[in-house]
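Reader: Hello! I am new to this structure and would love a close look at one part of it. Could you walk me through it slowly?

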Amino acid sequence: MISINYRDPRPIYEQIKFSLRRLILSGTMQPDERLPSVRELSAQLAVNPNTVQRAYRELEAEGYIYSVAGKGSFVANDNQVDQGRINKLLAQFDEAVTELSYMGYPMQNLICRIGEGGGNHD
């Protein structure tokens with residue numbers, strides 16, 4: 001389910017966050033499904049509970065999960081994804097398009113990538 005790579009240059013909380021987000025977006029974890037408690041996941045991964053708490057806090061801020069006092073954290077419904085996360089992704093997209101355009105990458109290739117859902121189409 002979630003694994004930590006100690007050779008990965010990303011902080012552990014980001015690896016946890018990335019893994020959980022991937023499980024949510026792929027449909028492996030369903031809306032309203034309960035996530036492991038911070039204590040459970042930190043014990044399973046052998047990491048500090050504060051590390052797991054930070055990953056959960058950021059996922060909640062991005063709208064991927066929600067918390068219920070005394071019950072735990074749960075996968076959010078698709079329609080609960082924070083507009084802020086969408087805006088952040090669009091800003092990253094705009095920055096990448098601008099840089100690729102500056103480097104002379106053909107705009108038509110970008111349009112094809114968008115139409116085909118991404119991937120390597122060079």
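Reader: How many salt bridges does the structure hold, and what can you tell me about the ones you would pick out?

Author: Happy to help! Please keep in mind that this is a predicted model. The structure holds 6 salt bridges. Some background helps here: side chains of opposite charge can pair when their charged atoms come close.

Let us start with Lys17 and Glu58, whose side chains meet in a salt bridge with 2.8 Å from N to O. Lys17 lies in helix α1 (residues 12–25) and Glu58 in helix α3 (residues 49–61), so this pair ties together parts that are 41 residues apart in sequence. Lys17 itself is buried, with a relative accessible area of 9%, and the cut-off for that word is under 20%.

Next, look at Arg21 and Glu62. These two also form a salt bridge, and their closest N and O atoms are 2.8 Å apart. Arg21 belongs to helix α1, while Glu62 sits in the loop between α3 and β1, so here too the pair ties together parts that are 41 residues apart in sequence. Both partners count as buried: Glu62 has 10% relative accessibility, and Arg21 has 14%.

Now go back to Glu58, which has another partner to show you. The side chains of Arg54 and Glu58 meet in a salt bridge, with 3.4 Å from N to O. Both residues are in helix α3, 4 residues apart, so about one helical turn separates them. Arg54 counts as partly exposed, at 36% relative accessibility. Through salt bridges that share partners, Lys17, Arg21, Arg54, Glu58 and Glu62 are joined into one network.

Where does this network sit in the whole protein? The protein has 5 helices and 2 strands, and from the N terminus on its elements run α-α-α-β-β-α-α. With a radius of gyration of 17 Å, well over the 14 Å that the globule rule gives for 122 residues, the protein is more spread out than a compact globule. Its C-alpha trace spans about 50 × 35 × 20 Å along the principal axes. Of the 122 residues, 29% are buried. Among contacts with a separation of 6 or more, 42% are between residues 24 or more positions apart. The protein exposes about 8,200 Å², and carbon and sulfur atoms supply 53% of that area.

Follow the chain past Glu62, in the loop between α3 and β1, and you come to the two strands. Strand β1 (residues 65–68) and strand β2 (residues 72–75) run antiparallel and are joined by 4 bridges. One of the residues to look for is Ile65, whose bridge partner in β2 is Val75. The hairpin of β1 and β2 has 3 residues between the strands, and Gly70 there takes a positive phi near 80 degrees. Ala69 is also in the loop between β1 and β2. With a relative accessible area of 78%, Ala69 is exposed, whereas Lys17 in our network is buried at 9%. For a sense of distance, compare the positions of Ala69 and Ala91: they are 22 residues apart along the chain, and 33 Å separates their C-alpha atoms.

If you would like one thing to trace on the screen, begin at Lys17 and go to Glu58, then continue from Glu58 to Arg54. After that, find Arg21 and Glu62, which form their own salt bridge.

Key:
Residues are numbered from 1 along each chain as its sequence is written. This is a predicted model: local features need pLDDT of at least 70, side-chain atom pairs count only at pLDDT 80 or more; totals for chains, interfaces and linings use all residues. Side-chain values use heavy atoms; hydrogens and water are left out. Two strands pair if DSSP finds at least two bridges between them. A salt bridge is a side-chain nitrogen of Lys or Arg within 4 Å of a carboxyl oxygen of Asp or Glu. Buried means under 20% relative accessible area, exposed over 50%, partly exposed in between (1.4 Å probe, protein chains only). The radius of gyration is taken over C-alpha atoms; the globule rule is 2.2 Å times the number of residues to the power 0.38. Contact means heavy atoms within 4.5 Å. Accessible areas come from the Shrake-Rupley method with a 1.4 Å probe; for residues, only the protein chains shown count as cover.
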